Amino acid sequence: MKGQVNLVAAAFALTALSYGLARFAYGLLLPHIREDLSLSATWSGAIGGSAFAAYCLGIVFAFTLRARLGERHVAVLAGLTATCGMAFIAAASSGWTLGIAFALAGLSSGLASPPLAAAVARCIDDAAQPKANGAINAGTAAGIIFSGLVVMTSGRSWRELYVLFTMIGTAVTVWLWFAMPAASRGGGAGGLSRAALRRPGVLGLCSSALLMGASSTAVWTFAANLMREELAFSDGQIALAWIALGTAGIAGAGTGLLTSRLGIGPVHRLALSTMAVALVTLTIAPVAPLMTFVAMSLFGLGYIVSSGALLLWGITLFQDRPDLGLGLPFLMTAVGQTAGAPLFGVILDTAGSTAALLSFVAVAGSAALWTPSTASPQTKMTATAASQSSNRAPRLGKASDA
């Protein structure tokens, strides 16, 4: 039991590190980074996109490397890439070096999830796996909240903050080596075949995930910058908005319960609608600044529920390949984020924030068009299949097929 608790705690810490600090803290600290390095919105979006692109590669590498190296080595590699990436961010002197550093940091989040999911499935009893994965899943929101608290309570520069994050990453990486189980090789994914991609529902899953990911970059990459430049928010107010996002995201742990009652399709549509409302709310923030906190909370809730619903959708389509049910929607979400960040930056530079936000409202709406409005009750996802799927999906009860 002690070893299981240590595993879950270390996996929680890696999730907070790779997602909350190495990947998503960029948007929070972007105003200072842009000022120091004289970056345009287009450049800022391209740099944000580099982290999302690296995340795509990380997922592919994780499936390949886990079969050869085992969970421990891949998880430690995720910690190392996050730590090294953040160290290079702290030392970056130009847009190019910053982009390379953020790509390395973003690679860590793609490497992290598959080995953590496999370790939980292998080392923890079926009955305890939902609680374990739920705790690990909360790491992203916890990392976002932590980064917000540090920025709000510290007067240090973004470089000093990334030095702090690097020190935390070093400690987490060492912890992982002792907490993760010894290598279990030969259990990797079986590859991605054309036949698998031709399954009914896969096109809708991939299209919806891609568009949802693209729409999310309006907040992940640019929200803090918009708050500072257009609302004249202080660093403390921006950090508080980031904390509101992360806190609301924790409520997304109820995604599994919602899908068991309403179906995956309706829940995903509701989550996308919540994200769209959040972006619309940001457009009225200049005349009602307090609505910014409402918008960030809505986005945090909508994003976590949407990503969880996409994952459950993928697992119902690939009940014989839960690894693919995990990897495919996450991969397509990251592809959308890779394209969405620079696109938003271009629209922001050329047409302004309102046009950019409303354009991405349309992107979120188009993601809903690919989502079934009803869910068939015939295909069920068992708790065992869910436990083998992902450390990032809320797994409470059964979920209807979408």
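**Helix packing and internal cavities**

In the predicted model, helix α4 meets helix α8 through a long list of residues: Arg72, His73, Ala75, Val76, Gly79, Leu80, Thr83, Met86, Ala87, Ile89, Ala90 and Ala91 in α4 are in contact with Trp158, Arg159, Tyr162, Val163, Phe165, Thr166, Gly169, Thr170, Thr173, Leu176 and Trp177 in α8. By class, this contact comprises 14 nonpolar, 7 polar and 2 charged residues. The axes of α4 and α8, the latter formed by residues 158-179, come within 8 Å and cross at roughly 165°. Because angles over 145 degrees count as roughly antiparallel, α4 is roughly antiparallel to α8. The crossing in which α4 passes α8 is left-handed.

Helix α4 also packs against helix α3. Residues 41-69 form α3 and residues 71-91 form α4, and the axes of the two helices lie 7 Å apart at an angle of about 135°. The two helices are therefore oblique to each other. On the α3 side, the contact is made by Ala62, Leu65, Arg66 and Leu69, which meet Glu71, His73, Val74 and Leu77 of α4. The residues of this contact divide into 5 nonpolar, 1 polar and 2 charged. His73 of α4 thus appears both in the contact with α3 and in the contact with α8.

A further packing arrangement involves helices α10 and α17. Helix α10, which spans residues 202-220, packs against α17 at an angle of about 155°, and their axes are 8 Å apart. The pair is therefore roughly antiparallel, and α10 passes α17 in a left-handed crossing. From α10, the contact draws on Ser208, Leu211, Met212, Ala214, Ser215, Thr217 and Ala218, while α17 provides Leu357, Phe360, Val363, Ala364, Ser366 and Ala367. Of the residues in the contact of α10 with α17, 9 are nonpolar and 4 are polar, with no charged residue among them.

The interior of the model was also examined for enclosed space. A search of the whole structure finds 7 cavities of 30 Å³ or more. The largest cavity holds about 110 Å³ of space. Its lining consists of Ala223, Leu226, Met227, Glu230, Leu231, Leu282, Thr283, Ala285, Pro286, Ser353, Thr354 and Leu357. Three elements, α11 (223-231), α14 (264-283) and α17 (353-369), give two or more residues each to this lining. The greatest contribution comes from α11, with 5 residues. In terms of class, the lining of the largest cavity has 8 nonpolar, 3 polar and 1 charged residues. Leu357 links two parts of this description, since this residue belongs to the lining of the largest cavity and also to the α17 side of the contact with α10.

Technical notes:
Residues are numbered from 1 along each chain as its sequence is written. This is a predicted model: local features need pLDDT of at least 70, side-chain atom pairs count only at pLDDT 80 or more; totals for chains, interfaces and linings use all residues. Side-chain values use heavy atoms; hydrogens and water are left out. On a 1 Å grid over the protein atoms alone, a cavity is a set of points where a 1.4 Å probe fits but cannot get out, and a pocket is an open set with protein on both sides within 12 Å along at least five of seven lines; lining residues have an atom within 4 Å of a point. Grid points are joined across faces, edges and corners, and a volume is the space filled by probe spheres set on the points. Helices (H or I, at least four residues) and strands (E, at least two) are DSSP runs, numbered from the N terminus. Ala, Val, Leu, Ile, Met, Phe, Trp, Tyr, Cys and Pro count as nonpolar, Asp, Glu, Lys and Arg as charged, and the others, Gly among them, as polar. Axes are lines fitted to C-alpha atoms, for helices over the stretch in contact, and angles run from 0 to 180 degrees between N-to-C directions. Angles under 35 degrees count as roughly parallel, over 145 as roughly antiparallel, 65 to 115 as roughly perpendicular and the rest as oblique. A crossing is left-handed if the near helix is turned anticlockwise from the far one by less than a right angle, and right-handed if clockwise. Contact means heavy atoms within 4.5 Å.
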